[in-house]
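Student: Got a minute to go through this one with me? I'd like to talk about how the chains pack and what the pockets look like.

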Amino acid sequence: MAGPKNQLVTLLTDFGSRDPYVAAMKGVILSAAPHAQIVDIAHDVPAHGVTAASFILAQVVPCFPPETLHVVVVDPGVGTDRRILAARFGGQALLFPDNGVITHLAGVLPLEEIYAVRNSQFVPPPGQVSMTFHGRDIFAPVAGHILNGLDLRLLGPQPDTYKLLDLPQPRQDGGLIVGQVIYIDGFGNLVSNISAEMIVAQFGAFDRVTAQCGGRDVGQLQGTYAFVAAGEALALINSMRLVEVAVNQGRACDVFGAGVGSEVRIVQRATAASRGGTR
Amino acid sequence: MAGPKNQLVTLLTDFGSRDPYVAAMKGVILSAAPHAQIVDIAHDVPAHGVTAASFILAQVVPCFPPETLHVVVVDPGVGTDRRILAARFGGQALLFPDNGVITHLAGVLPLEEIYAVRNSQFVPPPGQVSMTFHGRDIFAPVAGHILNGLDLRLLGPQPDTYKLLDLPQPRQDGGLIVGQVIYIDGFGNLVSNISAEMIVAQFGAFDRVTAQCGGRDVGQLQGTYAFVAAGEALALINSMRLVEVAVNQGRACDVFGAGVGSEVRIVQRATAASRGGTR
Amino acid sequence: MAGPKNQLVTLLTDFGSRDPYVAAMKGVILSAAPHAQIVDIAHDVPAHGVTAASFILAQVVPCFPPETLHVVVVDPGVGTDRRILAARFGGQALLFPDNGVITHLAGVLPLEEIYAVRNSQFVPPPGQVSMTFHGRDIFAPVAGHILNGLDLRLLGPQPDTYKLLDLPQPRQDGGLIVGQVIYIDGFGNLVSNISAEMIVAQFGAFDRVTAQCGGRDVGQLQGTYAFVAAGEALALINSMRLVEVAVNQGRACDVFGAGVGSEVRIVQRATAASRGGTR
């Protein structure tokens with residue numbers, strides 16, 4: 001007899017770490033699936049920050065072993081008629097509210113199967129469920145079933161559609177690439193939506209371009225932070241293969257006064273020949 | 001021979017997450033009980049926040065599997081003659097300073113047994129113990145013994161009494177229920193001490209009442225946050241079965257300028273008939 | 001055949017808890033070593049805070065069971081030619097950037113073996129590694145190998161030297177000990193570099209001295225915080241056997257306006273006899 005497929009479960013919420021909410025979910029999961037191994041992705045996603053959670057998920061999920069279950073409860077529509085979905089992307093199982101939180105991940109891993117979680121055999125009925133804490137009352141017990149080996153397709157029917165966020169896309173504008181800051185990390189680094197691949201496709205090589213942020217030149221792409229002096233600004237291709245504007249050992253978001261949505265540009269670098277044009 | 005009963009252990013402290021304190025406790029527990037599975041409840045309880053910790057404990061402990069051990073080190077009296085107690089409430093084991101931190105839990109789960117932790121066979125002697133970090137030097141090694149199967153009653157004698165906090169109680173005042181904000185969560189939601197059961201007992205049904213906070217009407221009890229527009233205030237029965245004043249996708253504590261102790265009222269709703277009194 | 005020696009692994013980083021970075025590392029470790037048990041030491045060390053991380057490490061590592069692997073990624077030099085080292089101190093395995101982060105630990109546990117991590121059999125080649133996130137791309141996979149039983153000495157050659165921080169040392173100055181605040185914890189307590197042993201060596205006993213911080217007398221060494229009234233300042237020998245200046249249930253760093261580097265003095269206590277000198 002086959003044992004449970006999943007035992008590893010991650011949690012991504014906006015519950016913070018100072019309230020009873022995350023631990024209540026963990027208690028319910030461990031009550032249902034005592035051998036579960038729970039890993040926190042993050043709980044201090046900005047409150048109701050579906051877009052930030054979507055970005056984080058895409059960076060983290062591909063790092064986990066196949067058959068890991070990822071439970072996402074960034075869910076401003078809790079208690080409304082928004083659906084809860086269960087899906088498999090590239091061998092990773094996910095349980096999440098249908099609010100677009102899997103948008104970035106769907107661009108990274110192939111969707112293999114998806115179901116609306118509604119089978120009353122596994123989902124507690126409304127009378128036994130609070131309307132404001134589905135994390136504890138629905139997500140956690142359903143996660144317990146999945147960790148105990150439940151086939152996702154038994155959770156409910158395939159939905160016709162599921163929600164995806166309408167994300168800003170970088171555009172080519174003359175010889176430039178014009179993108180936006182889409183994520184600011186805890187170091188204050190400005191992560192843009194301009195990928196390494198776009199730069200190679202348009203300019204052929206990284207050393208032919210220079211970056212601008214908020215109208216300010218931040219120079220050629222560097223290899224890493226410490227290639228410039230402490231306190232100096234730079235741009236680089238980060239570990240997500242995206243253009244990032246940073247300040248070595250400083251906070252770029254403060255130095256540039258930039259936020260999510262601020263413009264980042266990649267432009268053709270002036271060569272020595274073109275600079276010395278009078279010759 | 002029976003193996004250990006408890007292997008799951010939770011930690012609730014006010015140590016924060018940036019210092020060595022929590023990890024030192026975990027190291028000591030895992031040194032004594034290598035198969036322990038440690039779950040964090042919270043470590044960023046307000047410093048010396050016995051009342052907040054008591055509230056959190058009551059929300060979380062009932063979610064865990066029977067025989068889980070819960071170790072609480074919110075302990076402003078560390079190193080004084082305050083006792084350390086071990087108890088069983090509703091099948092859950094607890095190890096905690098005798099400062100009232102189990103007050104809310106004692107209202108939720110029945111006390112089954114309680115002991116003063118003092119048996120020198122299991123408690124390191126004063127000379128081997130710092131006076132300021134009993135979490136590492138007493139709670140953690142004693143937790144190790146319990147996780148290895150030690151019967152709680154071997155830890156020491158039953159105490160004559162144990163401390164309970166004197167909590168504010170909601171009162172009926174004419175036709176009203178007048179309660180207080182007792183907890184503010186990370187979303188800024190104002191959790192009061194008025195329970196769903198009190199409302200039903202006094203008014204018969206939820207749809208006959210309206211809520212007030214800080215002298216301001218917040219309307220009928222809603223099902224969930226998103227039943228009002230983003231930025232609008234509301235009241236609801238939350239997942240703890242308590243009246244909560246919130247702002248959909250906002251921070252009620254800021255909008256209402258409210259804190260722990262602020263007044264929350266439940267009043268009879270003006271009906272169409274009573275409003276249209278001139279008829 | 002012997003199984004893996006280490007299964008317990010701790011993480012100490014300055015990545016914070018709201019970004020994908022820590023969870024990405026955990027995913028990679030668990031992909032390589034599914035039975036690893038991961039314990040967080042801290043992730044909100046001040047950004048690029050090598051000295052604070054060094055201090056924390058020395059407090060925590062000795063609490064863990066032998067053969068625990070401790071992975072430290074406080075690494076402002078990521079992607080430069082700074083080395084990654086693997087070492088064993090007092091039976092504990094460590095993987096860390098060669099930036100001095102093991103300085104305090106090296107004063108507490110004996111160095112048993114140390115290697116530069118560079119064997120291409122176990123370290124992914126530069127082309128497969130981001131230059132800005134060695135935590136995910138080098139530290140985590142190498143940790144996986146160690147958790148699967150790899151002998152540290154196979155990771156690379158012994159280095160001629162390794163970096164140690166130049167830490168401020170307390171000095172004897174006439175009859176005084178003059179030290180510095182070296183760490184401020186989350187409670188606002190001021191931890192100095194003056195050890196209990198120094199006081200005993202110079203003055204013979206704790207009750208013969210009084211402490212000063214920022215030119216202000218904080219009195220005799222107390223046993224614990226609650227030996228003075230709430231809000232009152234005090235000094236004590238803390239759980240690290242260091243002189244600590246604190247405010248009972250308050251924040252000494254604010255009360256004293258003190259920071260890392262602020263002066264702490266231990267002086268001979270005026271005795272009754274010396275005070276009453278006219279007799």
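Tutor: Sure, we'll take the chain pairing and then a pocket, keeping in mind that this is a predicted model.

Student: What turn lays chain C on chain A?

Tutor: A turn of 120°, with a shift of 0.0 Å along the axis and an RMSD of 0.0 Å. The two copies are thus related as by a three-fold rotation axis.

Student: Which C-alpha of chain C is nearest the axis?

Tutor: That of C:Gln37, which sits 5.2 Å from the axis.

Student: OK, and how many residues are in contact between chain C and chain A?

Tutor: Chain C puts in 28 residues, and they touch 29 residues of chain A. About 2,400 Å² is buried between these chains, and carbon and sulfur atoms give 60% of that area.

Student: Which residues of chain C lose the most area there?

Tutor: C:Arg18, C:Pro20 and C:Thr132, which together make up 25% of what the chain C side buries.

Student: How many salt bridges between chain C and chain A?

Tutor: The count is 0.

Student: Switching topic: how much space lies in the second largest pocket?

Tutor: About 1,100 Å³. Its lining has 48 residues, and those nearest the centre are B:Phe55, B:Gln59, B:Met240, B:Arg241 and B:Leu242.

Student: Which element gives the most to that lining?

Tutor: α2(B), with 6 residues. Other elements of chain B supplying at least two each include α3 (103-106) and β8 (176-184).

Student: And by class, what is the lining made of?

Tutor: The second largest pocket is lined by 25 nonpolar, 18 polar and 5 charged residues.

Methods:
Residues numbered from 1 in each chain as written. Chains lettered and ligands numbered in written order. Predicted model: local features only at pLDDT ≥ 70, side-chain atom pairs only at ≥ 80, totals over all residues. Heavy atoms only, no water. Least-squares fit on C-alpha atoms with pLDDT ≥ 70 in both. 1 Å grid on protein atoms, 1.4 Å probe; cavity = no way out; pocket = protein on both sides within 12 Å on 5 of 7 lines; lining within 4 Å. Points joined across faces, edges and corners; volume = space filled by probe spheres on them. Helix = DSSP H or I, 4+ residues; strand = E, 2+ residues; numbered from the N terminus. Nonpolar A, V, L, I, M, F, W, Y, C, P; charged D, E, K, R; others polar. Contact = heavy atoms within 4.5 Å. Buried area = accessible area lost by both parts, 1.4 Å probe. Salt bridge = Lys/Arg side-chain N within 4 Å of Asp/Glu carboxyl O.
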